[in-house]
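Colleague: I would like a close look at one part of this model, with enough of the surroundings to place that part. Please take me through it in one go.

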Amino acid sequence: MGSLLFVTSSLMGEKSRSRQVAADYVAIARAANPGVTVVERHLTPDTIPHLGMDALAGFGAAPDARSPAQTAAVAFADAIIEEVEAADTIVLAAPMYNFSVPSTLKAWLDHVARAGRTFKYTANGPEGQLKGKRVIVVVSRGGFYTGDSPFKGMDFQEPYLRAVLGFLGITDVSFVQVEGQGIGPDVAAKGLAAARTAIATLAPSAQLAA
Ligand SMILES: Cc1cc2nc3c(=O)[nH]c(=O)nc-3n(C[C@H](O)[C@H](O)[C@H](O)COP(=O)(O)O)c2cc1C
């Protein structure tokens, strides 16, 4: 049975709108595949460090030549990558912070994107190594950035995520937006309801049934 990785990145914990809507998809996947393994990785400033020099230097050193700090940093980075590699489907919940992703999600991506492992440089250029996975991304925003919004050009969240996932070889990506969360209770409720409707129409991952 398949494996699903559920990654959240809001500071709001279980009150997070992106997390609530993403959890709807996890429930859809579980209902369709009762034996699915679900791994959760909730990113906060306490649970994900920046990628540091201990990790970078450690990647390039033989295991028995690493310092204790390098060994720990490489073990953490390896664990992050192993979770991603093992997942058939990845569900990402991402609030918009200052027009992009939270720095915790950026730090997670800095751990996931590793040359020689999740992407390789070939004669034909870089080649993503995370092929065949499905990714569902729920993005939540205080304002509106879709349709004919004048703020569309300030959305550095969705295009960035699409680009980095594509670079890693992940092209089966569905986005659901929770918009208008900062505009007042009525608009926020409407935005949340629209996102819940949208996520309910996504088909359960075929990858999980394999
Ligand atoms: C630090 C911070 C930065 C934010 N920056 C933006 C922003 O640039 N644009 C926007 O529309 N909303 C912004 N917001 C509002 C959030 O995107 C919005 O409240 C969203 O629903 C949060 O998602 P969550 O409920 O999953 O935490 C920001 C919120 C915080 C806390």
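Modeller: Start with the contacts, bearing in mind that this is a predicted model. Among contacts in the protein chain between residues at least 6 apart in sequence, 75% link residues at least 24 apart. Of the 210 residues, 37% count as buried. The protein chain has six helices and seven strands, and from the N terminus on they follow the order β-α-β-α-α-β-α-β-β-β-α-β-α. The radius of gyration is 18 Å, close to the 17 Å that the globule rule gives for 210 residues, so the protein chain is as compact as a globular protein of that length. The C-alpha trace spans about 60 × 40 × 35 Å along its principal axes.

The part to look at closely is helix 4, residues 103–112. Its buried residues are Thr104, Leu105, Ala107, Trp108, His111 and Val112. Viewed down the axis of helix 4, these fall within an arc of 155 degrees, so they line one face of the helix. The cover over the buried residues of helix 4 includes strand 1 (3–8), helix 3 (68–86) and strand 3.

Strand 1, one of those covering elements, is itself mostly covered, with five of its six residues buried. Strand 1 also pairs with strand 2 (residues 37–42), in the parallel sense and over six bridges. Within that pairing, Thr8 stands opposite His42 in strand 2.

Strand 3, also part of the cover over helix 4, is joined to helix 4 by a loop that holds Asn98 and Phe99. Both residues deserve a check of the backbone. Asn98 has a phi near 50 degrees, which is a positive value in a residue other than glycine. Phe99 is not a glycine either, yet its phi is positive, at about 70 degrees. As for burial, Asn98 has 10 C-beta neighbours inside 10 Å and therefore counts as exposed. Phe99 has 15 C-beta neighbours inside 10 Å, so Phe99 counts as partly exposed.

Helix 5 (residues 158–167) can be read in the same manner. Its buried residues are Glu158, Leu161 and Leu165. Seen down the axis of helix 5, they fall within an arc of 65 degrees, so they line one face of the helix. Pro159, Ala163 and Gly166 are exposed on the other side of helix 5. Strand 3 (89–95) appears again here, since the cover over the buried residues of helix 5 includes strand 3, strand 6 (134–140) and strand 7 (172–178). Just after helix 5, Gly169 takes a positive phi of about 100 degrees.

That leaves the ligand. It is surrounded by 17 residues, of which the closest are Ser10, Ser18, Pro95, Gly142 and Gln181. Helix 1 (residues 17–32) supplies the largest share of this shell, three residues. By type, the shell around the ligand divides into nine polar, five nonpolar and three charged residues.

To return to helix 4: the buried residues, Trp108 and His111 among them, have strand 1, helix 3 and strand 3 among the elements that cover them, and the loop leading in from strand 3 holds Asn98 and Phe99.

Definitions and conventions: Residues numbered from 1 in each chain as written. Predicted model: local features only at pLDDT ≥ 70, side-chain atom pairs only at ≥ 80, totals over all residues. Helix = DSSP H or I, 4+ residues; strand = E, 2+ residues; numbered from the N terminus. Rg over C-alpha atoms; globule rule 2.2 N^0.38 Å. Buried ≥ 20, exposed ≤ 12 C-beta atoms within 10 Å, placed from the backbone. Contact = placed C-beta atoms within 7 Å. Arc of directions from axis to C-beta. Near = placed C-beta within 6 Å. Nonpolar A, V, L, I, M, F, W, Y, C, P; charged D, E, K, R; others polar. Pairing = 2+ DSSP bridges.
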